[in-house]
Amino acid sequence: AQVEIENSIATGIDLTTGSQVAGGRTDLDTFLSNLYESLGTTDGNVLVGGTSRSIADAFGDTSAIFYNVQDAAYGAVGNGSTEDSAAIQAAISAAETAGGGVVIIPPGTYKVSTTIAVSGNKVQVLGLGTPGSVILKSHTAATAVFTVTGTNFYVSNVAFTMGAASAYLVSLGSGATSARFHACSFTLPSATGKGIVTTHATARAVFSGCSFTQSIATGSMFEA
């Protein structure tokens, strides 16, 4: 026997007439199957980072989704002089370990003197405020601020600025087949260097609402 339920959130077949209704009715089995598909796991839990968790637990612990680089667990400062590379890397690595997540960079200027690697999938980096979160590259090594080899990498509202010669801002490697940059800025102010560099033929990126500033005689903003 089928059990029919009626609710404004349900749409399906009227079991009495057999016809599709615009909304309100479905059978219990279909409704529960749709709920399972939406939650991603059984017993009313939700799937977070590949782990089945209760809804209360998942939403009560937003650290499973959001990773703020200034949280005590990571320790970024963003004052323009404190070295923040390790803190940003730790937050990104935590998101990667969880199977993806949103790395939040509060307003400030973050000094970066070593390359930050993004090798995991589904990592999003979100800057906040106006003019946003500034990543200041301070080392002279011919390496990037961000080296991306993970898929589905997304960055929004982050200003990448070159502060040292002979360096890159962002390097896109073999796994970076769907990188996206939104409302970001890329600045090469006074030293030779490169902006966005692709190191593999499969690397792809989409830029929307971004700005590019190059005020130097040598160097290049894009290089494949």
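User: Which residues does Phe146 touch, not counting residues up to four places away in sequence?

Analyst: In this predicted model, local features need pLDDT of at least 70 and side-chain atom pairs count only at pLDDT 80 or more, while totals for chains, interfaces and linings use all residues. Residues are numbered from 1 along each chain as its sequence is written, and side-chain values use heavy atoms, with hydrogens and water left out. With contact taken as heavy atoms within 4.5 Å, Phe146 touches Ile88, Ile92, Ile116, Val118, Val125, Phe153, Phe160, Leu169, Val170 and Ser171.

User: Which helix gives the most to the largest nonpolar core?

Analyst: A nonpolar core is a set of buried Ala, Val, Leu, Ile, Met, Phe, Trp, Tyr and Cys residues joined through side-chain atoms within 4.5 Å, where buried means under 20% relative accessible area with a 1.4 Å probe, protein chains only. The largest one holds 39 residues, and Phe146, Phe153, Phe160, Phe181 and Phe186 touch the most other members. The element that gives the most to this core, with 5 residues, is H3.

User: What is the order of the open sheet of 5 strands?

Analyst: Strands are DSSP runs of E with at least two residues, and helices are runs of H or I with at least four, numbered from the N terminus; two strands pair if DSSP finds at least two bridges between them. The pairing in this sheet is parallel, and its edge strands, E9 (116-118) and E21 (220-223), each pair on one side only. The order is E9-E12-E15-E18-E21.

Terms used:
Buried means under 20% relative accessible area, exposed over 50%, partly exposed in between (1.4 Å probe, protein chains only).
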